[in-house]
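User: Please take a close look at one part of this chain and follow how it packs against its surroundings. I am a first-year student, so explain each term as you reach it.

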Amino acid sequence: MELISLCLEKLKTVLDLPVVPNRIDAFDVSNIQGYETVASLVVCLCGEMSRRRYRKYKIKSVEAPDDYTSIYEAVYRQYKRVLAEQLDLPDFILIDGGPGQLHYAYQALAAVSYTH
């Protein structure tokens, strides 16, 4: 466990985070045979994977593969629920992809915070 704590401290330092990221949420999008799009959320708490907090989102807003809009939908749905239920927010959110996916995730977070 000490190694995990050191790694989380290093992550805080390298990324110049305000706190050690004790909760990390990570999103990824998959297209099943090019038709059915799902987004997955995995959660790491204090360096341990928390399987009971994992989520799978069947993407409803897009019909063809579109990672950007899919990330937006998954992030929006997750944090809309988190805020509505007054659950703990993560210290760090990891988005699998590039600048486009990151931009859409950021837009989703902005939309959720604007509605609450």
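Analyst: Phenylalanine 27 is buried, with a relative accessible area of 2%; here buried means under 20% relative accessible area, exposed means over 50%, and partly exposed lies in between, all computed with a 1.4 Å probe on protein chains only. The model is predicted, and local features need a pLDDT of at least 70 while side-chain atom pairs count only at pLDDT 80 or more, although totals for chains, interfaces and linings use all residues. Residues are numbered from 1 along each chain as its sequence is written, and side-chain values use heavy atoms, with hydrogens and water left out.

The ring of phenylalanine is a good place to start, and pairing has its own rule: rings of Phe, Tyr and Trp (its six-membered ring) pair if their centres lie within 6.5 Å, and planes under 30 degrees apart count as stacked, over 60 as edge-to-face and the rest as tilted. Three aromatic pairs are found by this rule. In one of them, phenylalanine 27 meets tyrosine 79 edge-to-face, with 6.0 Å from centre to centre and 65° between the planes. Because phenylalanine 27 lies in strand E1 (residues 23-32) and tyrosine 79 in helix H2 (residues 67-84), this pair ties together parts that are 52 residues apart in sequence; the helices (H or I, at least four residues) and strands (E, at least two) are DSSP runs, numbered from the N terminus. Tyrosine 79 is also buried, and its relative accessible area is 2%. Another aromatic pair, between tyrosine 72 and tyrosine 76, is stacked, with 6.1 Å centre to centre and 5° between the planes. Both of these tyrosines belong to helix H2, where they stand four residues apart, about one turn of the helix. An α-helix has 3.6 residues a turn, so residues three or four places apart point the same way. Tyrosine 72 has a relative accessibility of 28% and therefore counts as partly exposed.

Helix H2 itself deserves a closer look. At 1.5 Å a residue its 18 residues should span 26 Å, and the end C-alpha atoms are 25 Å apart, which agrees; the expected span is 1.5 Å times one less than the number of residues. Ser70, Ile71, Glu73, Ala74, Val75, Gln78, Tyr79 and Val82 are the buried residues of H2. These buried residues pack against E1, E2, strand E4 (55-58), E5 and H3, where a contact means heavy atoms within 4.5 Å.

The next step is to see how such residues join into a core. A nonpolar core is a set of buried Ala, Val, Leu, Ile, Met, Phe, Trp, Tyr and Cys residues joined through side-chain atoms within 4.5 Å. The largest nonpolar core has 17 residues, and of these Phe27, Ile71 and Val75 touch the most other members. Two or more residues come to this core from each of E1, strand E2 (36-45), H2 and helix H3 (99-115). H2 gives the most, with five residues. Leaving aside residues up to four places away in sequence, valine 75 touches Phe27, Ile95, Ala105, Ala108 and Leu109. Another core, of six residues, lies apart from the largest one, and among its members are Leu8, Val20, Ile24 and Phe92. In soluble globular proteins, nonpolar side chains tend to be buried together.

Helix H3 can also be followed back to H2 through a single residue. Valine 112 lies in helix H3, and at 2% relative accessibility it counts as buried. When residues up to four places away in sequence are not counted, valine 112 touches Tyr76, Tyr79, Lys80 and Leu83. The C-alpha atoms of valine 112 and lysine 80 are 5.8 Å apart in space, although these residues are 32 apart in sequence.

Finally, consider how confident the predictor is. The chain averages a pLDDT of 92, and 97% of the residues score at least 70; pLDDT is the predictor's confidence in each residue, from 0 to 100. Among the elements of the chain, helix H1 (residues 2-14) has the lowest mean pLDDT, 90, and strand E5 (residues 92-95) the highest, 96. Where pLDDT is low, the predicted coordinates should not be read in detail.
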